[in-house]
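Here are some exercises to work through with the model open beside you. Try each task before you read its solution.

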Amino acid sequence: MKTSRSRLALAGRRGMVLGAALALLSGTAIAPVANADEAGIGALVSTALQSLTSASASAEQGDGPRVTVSESVLSEDGEHEITVSGTGFKDDAVVASRPPLAGKNPGIYVIFGKFADEWQPSAGAASTARKSISQYWAVNAEDMETIGGSARGAIELAADGSFTTTFTVSKAQIDDLAGDVEGNVGIYTYAGGGATHAAWETYQPITFGDPFSLGSVSLGSLAGLLPG
């Protein structure tokens, strides 16, 4: 009997966590359930939020090139290391228009930054619409030294069009921009070497704010996280 009651209690808690996550995604604040372990629930809600956000972002990217981030909702305190992975960035028709990779695979710029709403090079957006905080350039292995090696941000773009790298990010980095550009914080990709290719232009939002607080479960701004 005790085991059955424990299972029922666990099932109830899981249902509560799922409901909390759905409420958060709809922008609704909810009060903790009486006698619940608030810290544990908050952590589970945060995890559920990450999963649901990643699923939504993947769906929006469709079947083409795809980027995922290990975490997208981060605390405003301290630094955080996030892993960024991309797949499907392979198209032999796309070539660089300027040195040092002119006529070759241009690779992908992978950037943590704050970009304007209209930022895409393929749409003619000026470079001032894109404010980079930290950046990598994913290129073919044989071209990494050509662009200056890892010291200049080179990372490998595998033959299948995939890459993986890590960024160290913080709210302080965003604050240091001091309004240099109005827009959205996140991980961005677009074709390197002067090439333009709309399919390679992706955006994964990063939000800084407590994923929950005692007395209520609340989120910082969800702008850009939910489909319109």
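A residue is called buried when its relative accessible area is under 20%, exposed when over 50%, and partly exposed in between (1.4 Å probe, protein chains only). By that rule T202 is buried, at a relative accessible area of 7%. Please keep in mind that this is a predicted model, in which local features need pLDDT of at least 70 and side-chain atom pairs count only at pLDDT 80 or more, while totals for chains, interfaces and linings use all residues. Residues are numbered from 1 along each chain as its sequence is written, and side-chain values use heavy atoms, with hydrogens and water left out.

**Exercise 1. Overview of the chain**

Task: find how many helices and strands the chain has, and in what order the elements run.

Solution. Start with the assignment rule: helices (H or I, at least four residues) and strands (E, at least two) are DSSP runs, numbered from the N terminus. Counting them gives three helices and 10 strands. Read from the N terminus on, the order is α-α-β-β-β-β-β-β-β-α-β-β-β. Next, look at burial: of the 228 residues, 40% count as buried. Last, take the contacts, meaning heavy atoms within 4.5 Å. Among those between residues at least 6 apart in sequence, 66% join residues at least 24 apart.

**Exercise 2. The three-stranded sheet**

Task: work out the strand order of the open sheet of three strands, and name its edge strands.

Solution. Two strands pair if DSSP finds at least two bridges between them. Four bridges join β1 (residues 66-69) to β3 (residues 79-87), and the two run antiparallel. To place one bridge, take V69, whose partner in β3 is V84. The full order is β1-β3-β7, with antiparallel pairing. The edge strands are β1 and β7 (163-170), each pairing on one side only. Neighbouring strands of this sheet are turned by 25 degrees against each other on average, direction ignored; the axes are lines fitted to C-alpha atoms, for helices over the stretch in contact, and angles run from 0 to 180 degrees between N-to-C directions.

Now turn to the faces of β1. In a regular strand the side chains alternate between the two faces of the sheet. In β1, V67 and V69 form the covered face, while R66 and T68 form the uncovered one.

**Exercise 3. The five-stranded sheet**

Task: which strands stand at the edges of the open sheet of five strands, and where does T202 lie?

Solution. The order is β6-β5-β4-β8-β9, with mixed pairing. β6 and β9 are at the edges with a single partner strand each, so one side of each has no neighbour in the sheet. The twist from one strand to the next averages 25 degrees. At the β9 end, four bridges join β8 (residues 184-191) to β9 in antiparallel fashion, and I187 has Q204 as its bridge partner in β9. T202 belongs to strand β9 (residues 202-205). The side chain of T202 makes a polar contact of 2.6 Å with that of T189. The term stands for a pair of N or O atoms within 3.5 Å; within protein, one must be able to donate a hydrogen and the other to accept it, and residues adjacent in sequence count only if both atoms are side-chain atoms.

**Exercise 4. The salt bridges**

Task: locate the two salt bridges and describe the surroundings of each partner.

Solution. Search for a side-chain nitrogen of Lys or Arg within 4 Å of a carboxyl oxygen of Asp or Glu. One hit is D143 with K104, at 2.5 Å, N to O. This pair links distant parts of the chain, 39 residues apart: D143 sits in the loop between β5 (130-139) and β6 (154-156), K104 in the loop between β3 and β4 (108-115). D143 is buried at 1% relative accessibility, whereas K104 is partly exposed at 36%.

Another hit is D175 with K171, whose closest N and O atoms are 2.9 Å apart. D175 and K171 are separated by about one helical turn because they are four residues apart in helix α3 (residues 171-175). D175 is partly exposed at 45%, and so is K171 at 22%.

**Exercise 5. Confidence**

Task: decide which stretches to read with caution.

Solution. pLDDT is the predictor's confidence in each residue, from 0 to 100. The chain averages 78, and 64% of the residues score at least 70. Over residues 38-48 the pLDDT is below 50, and beyond near neighbours in sequence this stretch has 19 contacts in the model. Residues 213-228 are also below 50, with 38 such contacts. Where pLDDT is low, the predicted coordinates should not be read in detail.
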